[in-house]
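Please load the model in your viewer, switch to a cartoon representation, and keep the selection panel at hand for the stops that follow.

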Amino acid sequence: MIKLLITAFMSALLFGQCSSVAEQPLTDTAPITIRTGTSFGMCVGNSCRKDYVFNGTSVTLTQGGTRTQTQTPDKTCERTISAADWTTLRAAAADLDAFRKQPNVIGCPDCADGGAEYIELEQNDSRHRVTFPFGKTIPGFEPLVNALRQQREAFSDCP
């Protein structure tokens with residue numbers, strides 16, 4: 001009986017640890033990765049899909065055709081942003097708990113080839129992505145959406 005209780009206690013402790021890691025709040029010291037991008041399903045060429053990854057002041061852009069366009073190879077390039085721009089993005093993404101409560105899809109992204117945008121926040125092995133119609137926003141996260149749009153406009157294409 002004691003072995004059974006010890007096994008049950010250890011299992012509860014182990015599984016309890018797993019869930020608490022995924023739900024850790026955003027802190028100033030924990031690294032965060034911000035991903036954002038756009039896509040247009042009825043597009044032809046190498047700028048139909050753009051994916052940006054922000055890790056601190058480093059930004060990576062991968063652009064390419066749609067998933068069905070095999071003849072269009074992806075292009076990847078990098079640049080840096082200022083520490084002030086990174087601080088602005090990080091501050092706009094500070095409420096990770098509220099972001100996790102957003103639905104994975106808002107509205108009808110890329111319906112009637114209107115395009116889609118997404119924002120994904122990752123920290124401590126926890127990741128949440130919200131996809132929404134191009135040009136629209138995520139309610140309550142307008143500063144983050146606008147700051148990321150400014151960064152995307154400033155770094156719109158790989159050379």
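Begin by selecting the strands of the open sheet, six in number, which in this predicted model follow the order β4-β3-β2-β1-β5-β6 and pair in the antiparallel sense. Strands β4 and β6 (126–133) stand at the edges, and because each has a single partner strand, one side of each is left without a neighbour in the sheet. If you look from one strand to the next, the neighbouring strands are turned against each other by 15° on average, with direction ignored.

Next, select residues 33–39 and 116–123, which are strands β1 and β5, an antiparallel pair joined by seven bridges. Showing the side chains here lets you locate T36, which stands opposite I119 in β5. Now add the helix α4 to the selection: it packs on the sheet and touches β1, β2, β4, β5 and β6, while its direction makes about 105° with that of β5.

Move on to residues 49–55 and 58–64, where β2 and β3 run antiparallel and are joined by seven bridges. Within this pair, K50 stands opposite Q63 in β3. Then centre the view on the turn of the hairpin, where two residues lie between the strands β2 and β3, and where G56 takes a positive phi near 65°.

From β3, extend the selection to residues 75–80, the strand β4, which pairs with β3 in the antiparallel sense over six bridges. One residue pair to label at this stop is T60 and its bridge partner in β4, E78.

For the last stop, turn on a surface and select T38, K50, Y52, F134, R149, R152, E153 and S156, the residues that line the second largest pocket. Which elements give two or more residues to this lining? They are β2 and α4 (142–154), and the largest share, three residues, comes from α4. K50 thus appears twice on this tour, as a residue of the pocket lining and as the residue opposite Q63 in β3. The volume of the second largest pocket is about 160 Å³. Colouring the lining by residue class will show four charged residues, together with two polar and two nonpolar ones.

Notes. Residues numbered from 1 in each chain as written. Predicted model: local features only at pLDDT ≥ 70, side-chain atom pairs only at ≥ 80, totals over all residues. Heavy atoms only, no water. Pairing = 2+ DSSP bridges. Helix = DSSP H or I, 4+ residues; strand = E, 2+ residues; numbered from the N terminus. 1 Å grid on protein atoms, 1.4 Å probe; cavity = no way out; pocket = protein on both sides within 12 Å on 5 of 7 lines; lining within 4 Å. Points joined across faces, edges and corners; volume = space filled by probe spheres on them. Nonpolar A, V, L, I, M, F, W, Y, C, P; charged D, E, K, R; others polar. Axes fitted to C-alpha atoms, helices over the stretch in contact; angles between N-to-C directions. Contact = heavy atoms within 4.5 Å.
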